[in-house]
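Welcome! Please look over the sequence and the model below, then try each exercise before reading its solution.

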Amino acid sequence: MRVGIGYDVHKLVEGRRLVIGGVQIPHEMGLLGHSDADVLVHSLMDAILGAMSAGDIGKHFPDTDMEYKDISSMILLERVFQVMKEKGYRLVNADNVIAAQRPKLAPFIDQMRENIAEVLQVPVEDIGVKATTTERLGFEGREEGISSYSTCLLEKSIDNR
């Protein structure tokens, strides 16, 4: 068994779509980044890569590479999943927390969980997603950005021990 932890943060700006967990969320601002800046998926990918001691998303998908410009983070998650399979791991479960003052994310969480579970080929019950505010404290509370924390548990398949 291997445990991973991931963290990501992106600045909120005008003129960008807000995509979290592969869901486009109606909001007057979106997250700034080289890809679609999906903060939840980025923190989850880092957790998975970390559990395998395989670096981080910057190593695998550098923001200097135009191949990744405005790419869907769900496509990048699929690529991380392929690395996971090649190394002989399977996801046991993942738990994620998104910190955002606004917009309210509760109506979108089930779809986020379903999107992630589909890519990682696990039951939706194995993917936890929660959203919280920071009670107006910090950059999230001032609505300057959104952050996400993720943990995951990977299991090595019996064939690859």
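**Exercise 1. Find the loop that holds Ala37, then look at its phi.**

Step 1: Ala37 sits in the loop between β4 (30-31) and α1. Helices here are DSSP runs of H or I with at least four residues, strands are runs of E with at least two, and both are numbered from the N terminus.
Step 2: The phi of Ala37 is near 65°, a positive value in a residue other than glycine.
Step 3: Most residues other than glycine have a negative phi, and most peptide bonds are trans.

A word on the source: this is a predicted model, where local features need pLDDT of at least 70 and side-chain atom pairs count only at pLDDT 80 or more, while totals for chains, interfaces and linings use all residues. Residues are numbered from 1 along each chain as its sequence is written, and side-chain values use heavy atoms, with hydrogens and water left out.

**Exercise 2. Find the cis peptide bond that involves Pro103.**

Step 1: Go to the loop between β5 (89-99) and α4, where Pro103 is found.
Step 2: The cis bond joins Arg102 and Pro103, with omega about -5°.

**Exercise 3. Describe how α1 packs against α3.**

Step 1: The axes of α1 and helix α3 (residues 73-86) come within 10 Å and cross at roughly 10°. Axes are lines fitted to C-alpha atoms, for helices over the stretch in contact, with angles from 0 to 180 degrees between N-to-C directions.
Step 2: That makes α1 roughly parallel to α3 (the term covers angles under 35 degrees).
Step 3: Val41, His42, Met45, Ile48 and Leu49 in α1 meet residues of α3 including Leu77 and Val80; contact means heavy atoms within 4.5 Å.
Step 4: By class, this contact of α1 with α3 has nine nonpolar, two polar and no charged residues. Ala, Val, Leu, Ile, Met, Phe, Trp, Tyr, Cys and Pro count as nonpolar, Asp, Glu, Lys and Arg as charged, and the others, Gly among them, as polar.

**Exercise 4. Now describe how α1 meets α4.**

Step 1: The axes of α1 (residues 39-51) and α4 (residues 109-120) come within 12 Å, crossing at roughly 35°.
Step 2: On the α1 side, Leu40, Leu44 and Ile48 take part, and they meet Met112, Ile116 and Leu120 in α4.
Step 3: Sorted by class, the contact of α1 with α4 holds six nonpolar, no polar and no charged residues.

Notes: Angles under 35 degrees count as roughly parallel, over 145 as roughly antiparallel, 65 to 115 as roughly perpendicular and the rest as oblique.
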